[in-house]
Every structure is written in structure tokens, then in C-alpha cells.
Amino acid sequence: MNAVPTQDLLWIILAPLCGAIFNLVFGRLAMRKLPDRTAREVVHLVAISAVAIACFLSFSVWWDVMVEGGVRRLVQTVYPWIFSGETMIGFDLLLDPLSAVMILVVTGVGLLIHIFSVGYMAHDPDYHRYFAYLNLFMASMLILVLGKSLLVTFVGWEGVGLCSYLLIGFWFSDEAKASAGRKAFVMNRIGDFGFILGLFALYTVVHSLDVDAIAAVAARGAQSPLVTTALWGVPVATVATLLLFLGCTGKSAQIPLYTWLPDAMAGPTPVSALIHAATMVTAGVYLIVRLNFVFALAPLTMAIVAVVGGVTALFAATIGITQFDIKKVLAYSTVSQLGYMFLAAGMGAWVAAIFHLMTHAFFKACLFLGSGSVIEACHHNQDIRTMGGLRKKMPITAGTFFISCLAIAGIFPFAGFFSKDEILVGAYTYASEWSPLINYLGWGLGTVAAACTAFYMFRLYYLTFEGSFRGDEHTWTHHVAEYPIMWVPLVILAFLATVAGFLGWPHALGEVTGLHLPHVLERWLEPVTATSARFAGPYYVGLRDGGFAHDGHVTVGAEMGFMGVSLGVAVVFWLWARRLYGDGFSKEAEAWKARLGKLYEASLHKYWVDELYDAVVVRPFKFLAKLCYRFFDALVVDGVGVGGTAGLVGWLGDVVRVFHNGNVRRYLLALLVGVGLVLATVYGNPTVSSLEPSAVHRVQSRPDLGGLRTTLGAEPYRIEIGFGSWKKVIDLGPAAPGAAGGER
Amino acid sequence: MTHAPFVADTMASATLQDLGHLAPMAIVGLWGLLLMATDAFAAVGFRHFQRRIALFGLALAFVAGLTIYGNADYDGGVEVFRGFLVVDPFSAILDLVLVGLCAGTVLVAGDYARTHRFEYGEQESLLCIATFGAMMVGHAHDLLALFLGIETMSISVYVLVGARWNAKPSAEAALKYFLMGAFASAILLMGIALLYGATGATAFEGIRGGVAEAFTRWLRINDLARALDQGHTASPAASDLVIQGVAKAALLIPGVLLVLGALLFKVSAVPMHMWTPDAYEGAPTPVTAFMASVVKVAGVAALLRLFVATFSTHRLVTAPYGWTTAVALVAFLTMTVGNLAAVRQSNVKRLLAYSSIAHVGYLLLGVVAAANFYGEAFASDATLGGDGLSWSRDAGDTAVASVLLYIVVYAVASLGAFVTVAWLSGNKHEALEAYQWSGLARRHPGMALGMTVCLLSLMGLPPMAGFFGKLFLFRAVFENSNPWLQFLVVWALLNAVVGAYYYLRLVVAMYFHTPPKTAPVVLPGKGAPAVVAVTAGLSVALGVLMQPTLDRADLAARAFNYPPGPSKARRVDGLRAAWEARDPTPPVAAEEPSPGT
């Protein structure tokens, strides 16, 4: 049945990696030796064909093996990576319905964006470096998505972070841009800190990072050691998922770690489209859905994910309303849409999350590429206050942009309508047992955010493409134009943004219209999402009944009602945006601005969150660093004044000087303090005088896969946890009289 | 060990045999002396021969080390010179690593000294002798061997630091380092004296026995008190025994802590780290590389040999008497201060010096974790009559392996980074300010790439080796059920975020800033590029091909706190058997859905 050679999965990753290596090694040479035009052709042909190969392989393996062959799961061991004790971390690749969706989206959208980049970066001197990084990003992203072990996924996770950083700082001559890259990297590292701690937490129970092994442990539902074992007083599942979610907030730009994404717009626009809209930033959503069976065991985490997602969706949308930078609007829109995905994931609507991830990849990539086209045409000006009327010169860009706006705003029958609606209905339906309030909150936040989305997207569209041009005459006559290499990808993406929604045709619409289309995506993802439904019975009523939309929780009428509300809201705010901005900034818009006053200011300044972080985190940190520096470094250097006293020569002179400046004495003092510290931590302990018989011994038991703690036969035992003067003794049984054990 | 009766005619052959076991160390020591002699005869202008001779000797030592490395005869540990030193898989790894690091330094030191006009022939000799001392620390199985090794290494390094006679900071750094080091040595000797007083032994095995005995007697004092309370009378002999135990324990604990203080100075843990930035900055940069790699490896080896393997009986490890509390506190301070101070540095050498301090903080966490596990294993052996095959001991072995892995990976990357710094000093002025590194990637893409790989490895970015070093180290610590240690892992990971910030600044400067008009002049010769290529290559290769490294580390750490002998050999052989038996195919998940629909 398996007609495709098994190297296929690996070659999906290796193809872009080879492209990257080629351009890193030979690109520079080519750019120097060959005529400019030829060199650029070599560079981009290598890069594009590398991605095209990956794309082709993805489609072929998907079609031949999964669709035609009927194999839903393909595991490929590249090489057994690490054995450590009983753990084996293989460099294994896993192709299942979830990773299949991801590789198709990543390679498909990636290919289109590579092609678009040829036009956008046409005159950049570092052409080869750009494509090398872009290919490297593709390879990392595919590792992330295809990794079977979470450690392999983490390698990709860090890889995409590094590439993102390299590409944000791509135009590094500008210090602000380089520092935007650094900000993104460090914020991502904070997220990664959570990710890796989450891995440790999972490891303490599962003793493996393999997704299947984790699933096997989670399969026991409420009896799983993930739930019964406590870490820091909380079930491991909750701790691990919360920490992993911290990683997701970093990578996927959610509150509180979202501020890097708007700054990341400093990078070239195709990069924003690929990395900061369609693929990398959705890695967090992918991770949650990949580990859905663990998250389903942690209702607290799920509630937090949902609330953070919902709040981010609304919060970012309200900022998007007032921004003037075309890319900033789209950036906040991305943050907001990612919030929707997390809202869905937090409600357990895994299919909806992936559905929105996919449709969002299409329409947001189209929007970003469209904005790139506009920026290129306006001579690298990004301010929508100086645009307007561009439709006349760029009809295709305007058309595709408009379609994408319809899609993102959730207008029937464009893709966003279906996916967003599924999230909103899901938010309402998936009753978590312990708080229905979360559902109402999620639905409410989502609906208000949908209104904002429709408003700011059409505001953006009308200010950019309609009305009259507000920039200078020269740009209008000489620059504004569009090129086939740039509009072809736009058209393809707009087409996908139009039709992709039909993959998730809702059941209710079928009932009403009589058009019973299958919910293709749900059926496709069933093997992946069914696991949590089976495992997490006690927590999620909705999940227990299997998939979404045929669980009978909402009637057809109610679902149609939800659709009506979200569609109505979207249309109303579309029309309102058109009224306010249909022909430049209307008087009415100004009036609203004045009426909102402080609220407008707050949104315009992004709620001063950057300033807040600066005051609360960055400055105290810098202060601490300065303190350490002053104490341990500057003090000493200033004291000695190395090199400050020129003319003083001779070894003896130095000896005298060193002895007389008190410096060495200070050092010795520190050394003594250190030894004193070592002595004090042990002798300063009040319990040292009480010589207890050492019946107490530390027993460390290790929860095995079954969640049973090893007991020491029938002997009662105590657990002593001690650290300095702090000591905690836990009695696990009656104290045996006169049981005096002790040291050998 | 039992002392064989002294027989004169077998002595010579026994010595020769012992030297055979110690071949790598012996060769390096011998070459130190040989180089001293050849220097006396080398005419000016022929000094580069010294380098060739040294490299030849180091290559010989490396080959000799390879015959021991992986040789199953040494699995149980072979005691040589009547238990003064030991040859086992742990020392075999250290021998190879130390010889390699020394060769890396030798390749650069000559070029650097010539360019900076302070060339002297003893340099290679001193490097070999210092490495000999470091290797002795790795082989140490007796407090005196440990002391001799540390002193042999330190005294050579004092000279190396001060050898740059034409620059004041060098002499100043040497003098400071020497004064501080002498003070630390005094503390170390004081601790050794107290330990000898408490246990009557200087050999590690003897100390281990003495520690257990002292504590057993000490703890009887409660029984004694209870007996007296109940109106029993204790015989004078019994009381004497108990009181002797108390007296011995009273000597023992300060002894342990003084030795600990001295070793923490050697690895430059906060607050005994003050000398580090100055000494690192003032020393000729190749010597700095040597200090950051060879000396650090030796210090950590000493902590492992003495503290983790020997002072890891339950009572010495756990609160309220345990030393691990102190080390955990020091680890916390070390990583925090090291990282925060590094953030402010614009001087590359000082930045790397502080970063090396921060790495010691992470390593100390691993030391604490390993000792805790061994303490638990010891307690369960004592109370349950276990056969020592408890999970705690396995976990302790894993933690030791993680520490070993981390220090090796760190030393390799650190050598590469410092050698790059040394290389950028061709016009007698070292390019130490970050701005001088601007745009290095444009002028020297190869070296910039090498430096970047080393920095990323230090930062802990996958798939570099440094990532796996951190992963295994922190995982081992996290396995401890002590919530404070788990908190320290959280703290260490946050520190790693700070580390990313300052390492990245250098990478940003090299790649993203425009080069200054005057290009920094680089050292002549191929030595430095070769070293950077090898260290960067290793930093990647050890990560991507983690398995062989990890296997060796596991082997070296297997039954680490066992005395040399057949039972240790059995456990190590068991590990080899497990390797052979292991299934290279991934474990099949319990609930793997069957293919096809």
C-alpha cells in the first residue's frame, strides 16, 4: 500500500535545509561573481525549488499514503537520537492527520510567499541571505510540526525562533529593527523557559517525551498519574500544561508576551506574512492540539487558555482600530485572531482551532502580501494616512485584499465565516463542568472582538484603497503599480480564502439549506482529537460525546441564531467602517475620536503596555544588573584603575600598588565571607543541637507509569524534606517505637 | 584497600605497571619537563619548534588515553600507587578532554605571545605541567593527590597569567590570583588536616568509612541519654566511644566545609569569584582560555571526586548537617550574580568571564542533585539493607553523567570563544570592546560563524551541544523531590534567558552592525582558526550525535560512589550489556491506532 519511499518525510525537511545551505555557502559567491540578474535568478530558483520539492512531497505523501492508501499514521525513525537510562528520544517524524494539515499549509503558503518575495526583495543587496534564512525557517517549522518527540518539536521551536529573529533584524542597518529582533528573541526565550519546564514536569511522570508515550499515560483519564501525581501541590497535568502554555504565549504572541509581534513588523513584509501570520505564530495552537489529551486533563489550564485567548482577541482588536501603520493593524489583527484560536483550544474545540489556523493562514497571508504590494508601490511608506485610492492603480491587489477582508470579518460564504462561527458556537457549547461562566465570557469576548475585527479591517481597506490618494504626486505617478510575480500568489491565496471554509460546512447549515456537505476537516482530524474525548470524560461533558456539531448540545435553530448574530455584527460594522472611512477620514470619524477621548488615546498608545513592561520589568532588571556590576566589577576596576596610571613601570611598583590599594584585601574579605557563608548555612541552623535519632530517612519513590508510588514493604516510613533551617517531615504511617536506624 | 606487604624487588615492576595505567598523565608530565629542557637548547627564532614538540607529546598522550578510554579492564577502576590515584572510565574521559583542551591552547599560545612580544619558551612546558596537575585531580583518590594536583596546576597557571611581562594588568592579575589562590590553598590544607583528624585517613575510601563511623557513634548519644534517663548506668568505655564520635564529627563537618570553600574558590563560585574577572582579563587570552576550560574542568572533577563520591553519606548531605545546603545557596548566588554582572559588560573578555561564573552556578546545582541522590541511596542501603541498586543511586549516576557532560560541552565552547578573542588581537591590542566586533561576519565569515556556534552552545540553543548539556543537567536536578531544588531549576532557566540576552548582543554585533573603518588585525597562523573550527564543530556534533558522548558519560558515572573493585565493575558491565541489548527501534505506543481506516 505504501507506494512512496519512506525517505519522503525526511526529505520534506531536508529539501529546504539543502536550499538554505546552498544559499548560505554559494549565494554570497554567486552574488559577487555572477552578473546581478543571473545571481538573483540562481538564488531564488534554488530557494523556490527547494520549497516546491517540499510542497510536492507533502502533497504526494498526503494524497498517496493518507488519502489513497488509507494510512492515517506514518512514523519514520530518522535515527535513534538519545538513549538515557530507560528513556529513548528518537529523532522520529510523525505524519498524522494533524501534522498533515500543518505541512500542507506550511509548504503551500510558504511556496507562494517565496514566489512573492522574488518581486518584493528584487533590489535587496542581501538577496541570498534572505532566501537562505527563509528556507532555514521552512526546515525548522517542518521539524516542529513533524516531530514525534516533544524534544524534536522543541528543536524546531527554537529554530523558528532563531530564524524569526534573523529575519526581523534583516535590515539591521537600522538599530531599531535590530533591537526589535532582539526583543522578539528574548521574549520568545521567556516562553521557551516555560516550554522546557513543562517538558521537565511531563518527564517526571511519563519518563519520556514521546507523544505516543504521553498519550499512553494520559489514556487513563482521571486515574492517570498525570492527574494523581502532584507537583508543587498541583496535579502534574495542570503544572505541565500551564508551563507549556507560557511557551505558547511567547511563540504565539498572547497576553502577556504579545508585545514582540507588532515590533516584529520591522522585518520584510513577506516574512511577516510567512512567519508572523501564517505559520510560526500558530505553533502554540498546534502544540496545544497536539497535546490535547494532556490539556483535557487540566481543566484549570483549559479555562486559563480560553480566557487568555478571548481577552487577547478583544484586547488586540481594540488596539488595531486606531493604528495608522498598515502592518501594525495587521499585526494586532494577527494577535487577535490567534486569540480566537486559543479560545477555541481552551474550550476543547480542537477542530475549530485548527480550522481557523488554516483559514487564517490563507487570508492573513493574502492580507500581508497585499500590504507588501502596497508598501512596495508606495515606496516603502506604511502610513495609511498618506494612502487612499490605490484601487485605481492596483485593482488585483485591492480585489484580493477586499476578499480577504470579507473572509477575516466573517462574511458568508468566505472562509473566516465558517471557522470563526465554529469557534463561537464551540465556545458556547463546550460546557466545562465547573464553570459555564467561562463559556458565556468566551462567546461574548469573541463576538465583540468579531465586531472590532470587521471594523478595523474595513477601515484599513477603505483608507488604503478607496477615496483619493493622500500622498505626494510623484509617488502616485511613478511608483504605484503591481507586478505579476506579486499578484499571482495573491490571487491564489484569495481563492483559498474564499473556498477553504467549505471544508468545515456546519451541520446546521446543511439542515437548513438541504445541502448536506460533510465537515471534511472534522472527519479528517478525528483520529487526533478523539483521544482527548476518550481520555477526559469526567472533565468535559462536550468532549465525552465525541466530536463537535453532532452532539446535540445546540439545536439547529440556536446554531443558526449564533451565525446570524456574528454575521449581522460583521455586516453592521463593515458598513459603519465604510461610512466613517469610505472616502478618507470623514468628519464623523473625527467626531467619534473626540467623543471617545481618553479611550481613543489608550488604544492609540497600545494601552501603554510597552511602557508598563519597561517600568515594571526592564528597568528593575537593568537596575539589578547595574547593582551587580557596581558591586563586583566597577568597584574593583575603579579601585585599581587598571591602565589609568601610565608611567608607573616595573613589577615591584605594581606589587606595592596592589598591596596598598586595599583591593586584594577586599578580595580576601570576600573569600572569607564566602567560607563563612558556607559555614553559616550549616551551623546557623537551629536544629543542629537537637540530635534526633535518625529513624527518619528520606524515601524517594518514583511514580511509575501506573502512578503507584513504590512503598517500602510494610514498614511505616517518613519523608523528610530539608533545606537549610526549613524542614518538613511527612509521616506516612504510625511511628515505629524505638525504630532506630541510622548511618552505617 | 589492604596494603600488600612491601617487597622490594616487586616495587620497580609495580611502579612501571602503575605508570602504564597512568600513561596519558605520565606522558604529559614528562613532556612538561622535556619541553623545559629543549627550551634551554633552542636558539632564539626556533621557538616554534617548542609548539611542535608539545603537540607531538599531547598527541602521544591522547593516543595513550584512547587505549584506556573504553577499555573494559578499567571498568571497575584500577587503583595505582597504592590507592593514591585511580584509573577508571571517569578519569579516562577527563584525560582525553584535558589533553585536547591543552592542545587547543598550545596551538594559539605561541602565536599570541609572539605577536604581543613576550614570547618565552617555557610557555608550552608550563601548559603541559598545569594539564598534568589537572589530570592528577581527575585521577585523585586521596586528599593529598587532590592537593598535589591542584597545586601543580595552580602554580603553573600563576606563572602563565603573569608571563606577559610587558603589560601591567598581566602582572597584577597574576599577583592577585596568586595571593588569593595561596589563601585558598591554606584553607584547603586546613580542611584536609581536620578531615585527617576526624577520620584518620587521607584516602577517599578511608575517609568514607571514617565519616560513617563518626556519625554512627555521634547518633548513639541519644540512646545513651535515654539510657541515663531511665536510670541505667553506662559503662565508662561506652561513654568514651560516644564522646569520641561527637568529637570526631565536630572536626569532620568544619573540615568538609573548609575543603568545600577552597574548591568553590577554584571553580570561582560567588562570593569567592572576585579574582575571576580580573585574572581572566589580565591574563594573556590563550591562558584565559586555558583557565576557563582546563582549570574549570579540574575544579569540577575535584568536586565530583571528593564531594559527590566521597562526602555523600546521608548525614553529610542532608540538612541540618549537610553541605549541599551551602552549595545550593552558592549556586543560586553564582548563577544570578554571574549572569546579571555579564549583562553590563561591554568588554568581551569580562563578559565571558562572568558568563563562565554563571555556568559554574548551573554545574553546582548538578553537584547538589547528585549528592542528594547518593545520600538517599546511602540511607536506604543502611536502613533497608539494600544492595545498592536503588533508583536513587541510578539517579545519582545520571546526575553525575549530566555534570560531566555539561562541563565538557561548556569547556569546549568556552575554549572556542576565548580563542576567537585571542585571535582578534593581531596588532598588539586586543579587540575587546563589543563595538570592535561589529560586522565581523562580513570580514571573517568563517570565524564569526565559529564564534556564533560556540556562543549559541553556551546559550543553550538546540541543536548545539550546550542545549543538551542544560537539558540533561536540569532534568537530573528536577528529578529531585526537593521543591527548593526544583525552584532552583526554574531560577536557572530564567537565568538562561538572561544569558541569551548578552550572548546575543555579541552575535548581533558580529552580524548586524556595520563594520568599523579600521579592521581589527588578526593573529597570523592557522592555529586559532583550526581551534575554533574544531570547537565549533564539536559543539554541533556533540549535540547532533549526542549518543556516543552520553554513553561515555553514563559509563564514567556508573556506580560513581562505589569504591573501585569487582562490584563496581559488575555494575559498569551491566550497563554495557544493557547497551548491547537495547532496541534501536522506538518504543511502540500502547494505544497506537492501527493503520488504515
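**Exercise 1. Determine whether A:Cys378 is buried or exposed, and whether it has a partner for a disulfide.**

Solution. A:Cys378 has a relative accessible area of 4%, so it is buried, where buried means under 20% relative accessible area, exposed over 50% and partly exposed in between, with a 1.4 Å probe and protein chains only. The closest cysteine sulfur to that of A:Cys378 belongs to A:Cys405 and is 16 Å away, too far for a bond, given that a disulfide is a pair of cysteine sulfur atoms within 2.5 Å.

The model is predicted, with local features needing pLDDT of at least 70 and side-chain atom pairs pLDDT 80 or more, whereas totals for chains, interfaces and linings use all residues. Residues are numbered from 1 along each chain as its sequence is written, chains are lettered from A and ligands numbered from 1 in the order in which they are written, and side-chain values use heavy atoms, without hydrogens and water.

**Exercise 2. Find how many disulfides the whole structure holds, and examine B:Cys128.**

Solution. The search over all chains returns zero disulfides. B:Cys128 is accordingly in none, and its nearest cysteine sulfur, that of B:Cys102, is 4.8 Å away. B:Cys128 also counts as buried, at 1% relative accessibility.

**Exercise 3. Classify the ring pair of B:Trp31 and B:Phe56, and then that of B:Phe467 and B:Phe468.**

Solution. Rings of Phe, Tyr and Trp (its six-membered ring) pair if their centres lie within 6.5 Å, with planes under 30 degrees apart counted as stacked, over 60 as edge-to-face and the rest as tilted. Over all chains there are 56 aromatic pairs. For B:Trp31 and B:Phe56 the centres are 6.0 Å apart and the planes at 55 degrees, so this pair is tilted. B:Trp31 belongs to helix α2 (residues 23-41) and B:Phe56 to helix α3 (residues 48-68), both of chain B, so the pair ties together parts 25 residues apart in sequence; helices are DSSP runs (H or I, at least four residues), numbered from the N terminus. For B:Phe467 and B:Phe468, a centre distance of 5.0 Å and planes at 70 degrees make the pair edge-to-face, and both residues are buried.

**Exercise 4. Identify which charged residues sit over the rings of A:Trp592 and B:Tyr69.**

Solution. The criterion is that NZ of Lys or CZ of Arg lies within 6 Å of the ring centre and within 35 degrees of the ring normal. Over the face of A:Trp592 lies A:Arg595, at 4.5 Å from the ring centre, while the ring of B:Tyr69 has the charged end of B:Arg552 over it, 4.9 Å from its centre.

Note on methods: Helix = DSSP H or I, 4+ residues; strand = E, 2+ residues; numbered from the N terminus.
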